Structures are given as structure tokens and as C-alpha cells.
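Q: Please take a close look at the interior of this protein, meaning its nonpolar packing and its enclosed space. Add whatever bears on the strands, the pockets and the backbone around it.

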Amino acid sequence: MARDVVIHAGQLFDGTGSAMRAKVSVIIHDDRIVSVEDGFVTRDGAEVVDLSEKTVLPGLIDTHDHITMGYSGKNPVAERAQESSIDNAYGAVGYAKATLDAGFTTIRDVGAETKVIVGLKKAIAAGKLPGPRIWAAGYPLGPTGGHGDPQNGMSPELDFHSEGRVIDGANEAARVVRGMRRDGVDLIKIMPSGGVLSIGDDPNHQTMTDEEIRAVVDTAHGLGIKVAAHAHGKAAILHASEMGVDSIEHGSFGDAETDRAMKAHGTYLVPTLLVANTVVQIARTHPETLNPSSAAKALEVGPIVMRNLNRAYKAGVKIAFGTDQGLSPHGQNAKEFALMVKAGMTPLDAIRAATVNAADLLGASDKVGSIQPGRYADIIAVTGDPLVDVSSLEHVEFVMKSGAIYRELSRR
């Protein structure tokens with residue numbers, strides 16, 4: 001049955017400019033925005049949603065999420081041996097709802113069991129479960145012994161099923177990418193540098209060859225999908241950008257040279273400040289709940305990410321919002337905004353990073369990231385002005401996704 005809704009917005013940030021608009025009506029038919037009109041108008045037969053005392057924005061987008069993962073405070077090595085993909089799938093149902101309730105109507109999941117995240121994406125799209133719209137990467141790909149190798153740090157007598165997620169050589173890289181696209185992923189995530197939470201590797205090292213990176217990028221782009229690159233160290237950031245990846249995740253040890261390369265190639269930086277802040281706190285208070293060697297790496301990497309974002313932002317590198325959610329409780333994604341502002345971004349640019357910039361990185365500016373005719377009716381509302389106090393986005397009061405209301409204003 002067709003459904004018409006009119007939202008009366010006291011203030012509107014539509015994502016198309018830098019200013020708020022006062023007293024605006026958003027006209028919605030089914031799952032799409034039809035028009036945005038000045039004043040509080042009505043339509044015959046339409047439901048009116050009164051947000052006349054609220055600030056209305058596009059649904060938020062987290063471009064670096066792990067919706068199937070959660071931090072339990074338990075030993076991570078033991079958990080890997082004890083938990084199955086089915087356990088992850090059940091946990092993801094609650095994580096997805098919490099994320100949507102927090103105003104994140106779209107996410108890019110950049111690392112999960114392929115069959116779990118693709119299945120979750122389909123279930124949400126079919127309306128079987130509440131959750132954000134998902135762009136899914138499936139298994140992150142990297143070399144033997146690298147950050148994405150599930151055998152990393154484990155006994156060689158145990159099999160952690162590396163096949164299909166570990167790539168060695170350009171031919172194997174191309175073959176695996178084609179298979180993942182067949183299996184339903186929307187993008188590819190690669191691991192060209194060491195990581196923080198993996199065991200024994202060095203975030204400064206480039207662990208994939210340039211030929212492997214290029215093979216992934218060329219194959220993925222040939223199939224019409226993008227590539228996200230986990231890269232902490234300078235060499236990996238520089239080479240992955242030059243090879244044509246669409247985004248650098250973390251980018252911790254970047255410098256002026258990597259900034260120039262990312263600008264030249266149009267590469268986005270997804271800085272993931274929240275996870276860095278979280279893992280430093282865990283390393284200081286409960287290092288036993290991290291992988292061996294991870295606490296020391298966290299204390300080294302964590303403090304530099306703010307400076308890295310400050311420098312890259314000032315240099316004009318494109319920034320997209322991403323939290324690396326999975327260590328912090330799902331639904332707290334918006335805490336990233338205050339950290340971005342603390343690092344030197346304006347509230348406006350931090351919000352744009354989670355709306356129009358994020359949509360551009362997804363390749364979906366015609367669908368999400370702004371309140372314009374033809375886009376999905378993904379709309380949130382908060383009290384106050386987030387262009388003045390960006391932390392107001394941590395308290396979303398109204399959530400609409402594809403024209404359906406998932407969180408209504410509380411009635412007093």
C-alpha cells in the first residue's frame with residue numbers, strides 16, 4: 001500500500017550546503033523523498049510527523065563498521081576457538097538494531113564472515129530484521145601471516161580455515177576477488193599493512209606486494225566494486241593509494257607525502273578515532289583481554305591518530321566517517337564526531353564526513369547521504385544544533401529509514 005508522509009522540520013541540514021534551513025517540509029512517498037519545501041505544508045491523506053522543534057538531518061553513515069563483532073572482555077584467543085559464525089550471526093541481530101536506533105541508517109561493513117554479513121544484509125533489506133542498510137565486504141583479504149590471516153598467532157596444528165581469505169600472488173588475488181563478488185559482496189577489503197589487534201605483526205610493515213594490491217584493485221574495479229585498504233604504515237598508505245584503492249582505513253603513520261598521494265588519487269581517509277581511543281583505554285586497564293602483543297601496539301598507535309587526522313584534514317585529504325565499531329558497544333558510533341572535532345575538524349565537516357562524503361565513498365550519492373528528491377527517506381532528528389555542539393548526535397531521538405519510522409519521539 002502506498003504511503004505518504006510529510007515531515008515538518010524546525011531546522012534542516014539537508015547535506016547539499018553548509019547552512020541550516022528553518023521551517024521546512026520533507027515530502028515522502030513510500031521509501032523515497034519527493035520534495036523539500038519551505039514552510040510547514042501538508043498533503044491530502046499524508047501522515048504528518050511533527051519535528052518542528054528538532055533539527056533534522058540525513059540518516060548517518062558509518063563507512064567502517066564490524067556489525068557481526070562485539071567486545072566481550074574475554075580472552076580473544078579463546079573466543080576464536082570457541083565461537084562459530086552462527087554465534088556471530090545471532091549477536092549481529094542486536095548490534096544491527098542498536099546501530100539503527102542510534103541514527104546510522106547505512107553502514108559499510110569492512111570485515112566479517114562473508115556468508116554471515118551477506119545473509120544479514122539480505123535479511124535487513126527484506127524487512128525481516130531491523131538494521132542499517134549494509135554495504136558488505138565479507139572476508140578481509142591479505143597475505144599469509146598478515147593482519148587478515150585467521151591462522152595468525154594460532155597453533156599450526158589447528159585449522160582456522162584460511163582458504164578463500166588469504167591471498168598470495170596476483171593471480172590468486174584476482175581469483176578470490178571474483179569469487180567474493182559472486183558470493184554477494186559489495187566491496188573488497190584488503191590488509192596491505194600489519195595491524196594492532198593481530199598477533200606479532202608490525203603496523204609499519206607493508207605485508208602485501210604492489211602486484212597483489214594492483215590485482216585486487218583492477219579486478220574489483222573491473223567488476224564495478226570499490227576497495228578499502230587497512231593501512232597503518234607509510235609504505236602501505238602510499239602504495240595502496242598509488243595502486244588506486246578507494247579508501248585508506250586508519251592511516252595512522254601517514255605524513256605530508258601520503259597526504260599528497262591521497263589527494264592526487266582522490267583516496268578517502270577513514271580515520272577510525274573511536275576504536276583507537278577505546279583500545280588505548282582497554283590496553284591501560286585490561287590488557288589481558290587483548291591478543292598477545294596488541295596492548296603494546298595499541299599504546300603506540302592510539303595517541304597518534306588524532307594528529308594524523310589533523311594534518312590530513314588541513315592538507316585537504318577527503319575524509320569519511322568510520323568508527324571501526326566492534327570494541328565499543330554498537331550504537332555508540334556517534335562518539336566519533338566529538339573526537340573528529342577535537343582533532344581539528346569543524347562540526348560541519350565532521351557531519352559531512354558521515355553524510356555526503358560517506359555516500360560518495362560508497363558510490364551511492366544518488367541514494368543516501370542527503371535529503372533531496374529521489375534519495376531514500378533516511379532521516380534523523382536531534383535536539384539542538386549539531387553544527388554548534390556535534391555531541392548532540394549522540395542522542396538521536398527520531399529515526400526513519402526508507403520511509404519507515406524505527407524510532408519515534410518520546411511523548412510526555
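A: What follows starts with the nonpolar packing and then turns to empty space, strand pairing and three single residues.

The model is a predicted one. Its largest nonpolar core has 71 residues, and the members that touch the most others are I188, I190 and F337. Helix 8, residues 273-285, supplies the largest share of this core, with 7 residues. Apart from this core there is a second one of 19 residues, and I7, L51, V56 and L409 are among its members.

F337 shows what the packing looks like from one side chain. Leaving out residues up to four places away in sequence, F337 is in contact with L60, F104, F321, A350, I351, A354, V390 and L393.

Next comes enclosed space. A search of the whole structure for cavities of 30 Å³ or more returns 1. The largest cavity holds about 40 Å³. Its lining consists of P58, G59, T105, K367, V368, G369, S370, Y376 and D378. By class, that lining has 3 nonpolar, 4 polar and 2 charged residues.

Open space is a separate matter. The second largest pocket has a volume of about 230 Å³. Its lining is made up of K121, I124, A125, A126, G127, P132, R133, I134, K401, S402, A404 and Y406. Helix 3 (114-125), strand 7 (133-136) and strand 14 (404-407) are the elements that each give two or more residues to this lining. Of these, helix 3 contributes the most, namely 3 residues. The classes in the pocket lining are 7 nonpolar, 2 polar and 3 charged residues.

The strands at the start of the chain come next. Strand 1 spans residues 4-12 and is mostly covered, with 7 of its 9 residues buried. Strand 1 pairs with strand 2 (residues 21-29) in the antiparallel sense, over 8 bridges. Strand 1 also runs parallel to strand 4 (residues 47-58), and 7 bridges join the two. H8 can be followed in both directions: S25 is its bridge partner in strand 2, and D50 stands opposite H8 in strand 4.

Strand 2 also contains K23. K23 is not a glycine, yet its phi is positive, at about 50 degrees. K23 counts as exposed because its relative accessible area is 55%, and the cut-off for that class is over 50%.

H250 also has a positive phi in a residue other than glycine, here near 85 degrees. H250 belongs to strand 10, residues 247-250. With a relative accessibility of 6%, H250 is classed as buried, since that class covers values under 20%.

The last residue is L197, in the loop between strand 8 (187-190) and helix 5 (210-222). L197 has 32% relative accessibility and therefore counts as partly exposed. L197 and S294 are 97 residues apart along the chain, but their C-alpha atoms are separated by 5.1 Å. S294 is also one of the contacts of L197, together with H147, V279, L290, N291 and L327, when residues up to four places away in sequence are not counted.

Key. Residues are numbered from 1 along each chain as its sequence is written. This is a predicted model: local features need pLDDT of at least 70, side-chain atom pairs count only at pLDDT 80 or more; totals for chains, interfaces and linings use all residues. Side-chain values use heavy atoms; hydrogens and water are left out. A nonpolar core is a set of buried Ala, Val, Leu, Ile, Met, Phe, Trp, Tyr and Cys residues joined through side-chain atoms within 4.5 Å. Buried means under 20% relative accessible area, exposed over 50%, partly exposed in between (1.4 Å probe, protein chains only). Helices (H or I, at least four residues) and strands (E, at least two) are DSSP runs, numbered from the N terminus. Contact means heavy atoms within 4.5 Å. On a 1 Å grid over the protein atoms alone, a cavity is a set of points where a 1.4 Å probe fits but cannot get out, and a pocket is an open set with protein on both sides within 12 Å along at least five of seven lines; lining residues have an atom within 4 Å of a point. Grid points are joined across faces, edges and corners, and a volume is the space filled by probe spheres set on the points. Ala, Val, Leu, Ile, Met, Phe, Trp, Tyr, Cys and Pro count as nonpolar, Asp, Glu, Lys and Arg as charged, and the others, Gly among them, as polar. Two strands pair if DSSP finds at least two bridges between them.
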